[in-house]
Amino acid sequence: MSDTQPKRKVGNTANSRPLRDLLLLMPHLPVREKSAIDYASADPDLLVDIARHADTTLRTVHLGMAAIGELLVTVSPEVGTGEFPANSIEAIGWLLAELGDLAATAHLLVAGCQRYTSDYAPRRAKHIPPARP
């Protein structure tokens, strides 16, 4: 795992949006009683795609949270003087809490998917279309 994310192309080229793709693949997962994901009966290609998108999302969230932390350190003198509003700091705190929960959930998804696909080696991967929002 590297410390940097791949460069995203901008303009008319396709952008990689792992969180969006992860969210749109989630409806394809079968669930058991009490809303537990049924990894054993899920399509292995779906699990591989979900694990890939969840892992990229996890790395993106971690790098983003670190960057926000660096920014907060940089602006910390301005918070005491009132140049940087306290309610902005509170909002950033709530954002970081949500991002932490997202990262933890992405980690659980990666682990669950990889548990059921560790020995999966298809000759050709099948494309799972994302759900439509």
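Okay, let's start at Ala54. Leaving out anything up to four places away in sequence, Ala54 touches Leu22, Ala106, Leu109 and Val110. This is a predicted model, by the way, so take everything I say in that spirit.

So where does Ala54 sit in the bigger picture? It belongs to the largest nonpolar core, which has 19 residues. Ala54 is among the residues with the most contacts inside that core, and the others on that list are Leu29, Leu46, Leu47, Ile50 and Cys113. H1, H2 and H3 each put at least two residues into this core. Which helix gives the most? That's H2, with seven residues. As background, nonpolar side chains tend to be buried together in soluble globular proteins.

Let me back up to the overall layout. The protein chain has three helices and zero strands, so you read it α-α-α from the N terminus on. There are 133 residues in the chain, and 25% of them count as buried. Now the contacts: if you take those with a separation of 6 or more, 75% are between residues 24 or more positions apart.

Next, H1, which covers residues 18–25. Its buried residues are Pro18, Asp21, Leu22, Leu24 and Leu25. What do they pack against? Both of the other helices: H2, at 44–81, and H3, at 86–117. A quick reminder on spacing: an α-helix has 3.6 residues a turn, so residues three or four places apart point the same way.

Now for H1 against H2. Their axes come within 8 Å and cross at roughly 145 degrees, and the crossing is left-handed. On the H1 side, the contact is made by Pro18, Leu19, Asp21, Leu22 and Leu25. On the H2 side you have Leu46, Asp49, Ile50, His53, Ala54, Thr56 and Thr57. So there's our Ala54 again, in the H1–H2 contact.

Then H2 against H3. Here the packing angle is about 155 degrees, and the axes are 8 Å apart. With that angle, H2 is roughly antiparallel to H3. Left-handed or right-handed? The crossing of H2 and H3 is left-handed.

While we're on H3, have a look at Thr117, which is in that helix. Is Thr117 buried or exposed? It counts as buried, because its relative accessibility is 10% and the cut-off for buried is under 20%. Skipping residues up to four places away in sequence, Thr117 touches Pro44, Leu47 and Val48. Leu47, you'll remember, is one of the core residues with the most contacts.

Last topic, aromatics. How many aromatic pairs are there? The count comes to one. That pair is Tyr39 with Tyr116, and it's stacked: 5.9 Å centre to centre, with 10 degrees between the planes. The two partners come from distant parts of the chain, 77 residues apart. Tyr39 is in the loop between H1 and H2, while Tyr116 is in helix H3. The two rings also fall into separate burial classes: Tyr39 is buried, at a relative accessible area of 14%, whereas Tyr116 counts as partly exposed, at 36%.

To pull it together: three helices, a 19-residue nonpolar core with H2 as the top contributor, and a stacked pair, Tyr39 and Tyr116. Okay, that's it from me.

How values were computed:
Residues are numbered from 1 along each chain as its sequence is written. This is a predicted model: local features need pLDDT of at least 70, side-chain atom pairs count only at pLDDT 80 or more; totals for chains, interfaces and linings use all residues. Side-chain values use heavy atoms; hydrogens and water are left out. Buried means under 20% relative accessible area, exposed over 50%, partly exposed in between (1.4 Å probe, protein chains only). Helices (H or I, at least four residues) and strands (E, at least two) are DSSP runs, numbered from the N terminus. Contact means heavy atoms within 4.5 Å. A nonpolar core is a set of buried Ala, Val, Leu, Ile, Met, Phe, Trp, Tyr and Cys residues joined through side-chain atoms within 4.5 Å. Rings of Phe, Tyr and Trp (its six-membered ring) pair if their centres lie within 6.5 Å; planes under 30 degrees apart count as stacked, over 60 as edge-to-face and the rest as tilted. Axes are lines fitted to C-alpha atoms, for helices over the stretch in contact, and angles run from 0 to 180 degrees between N-to-C directions. Angles under 35 degrees count as roughly parallel, over 145 as roughly antiparallel, 65 to 115 as roughly perpendicular and the rest as oblique. A crossing is left-handed if the near helix is turned anticlockwise from the far one by less than a right angle, and right-handed if clockwise.
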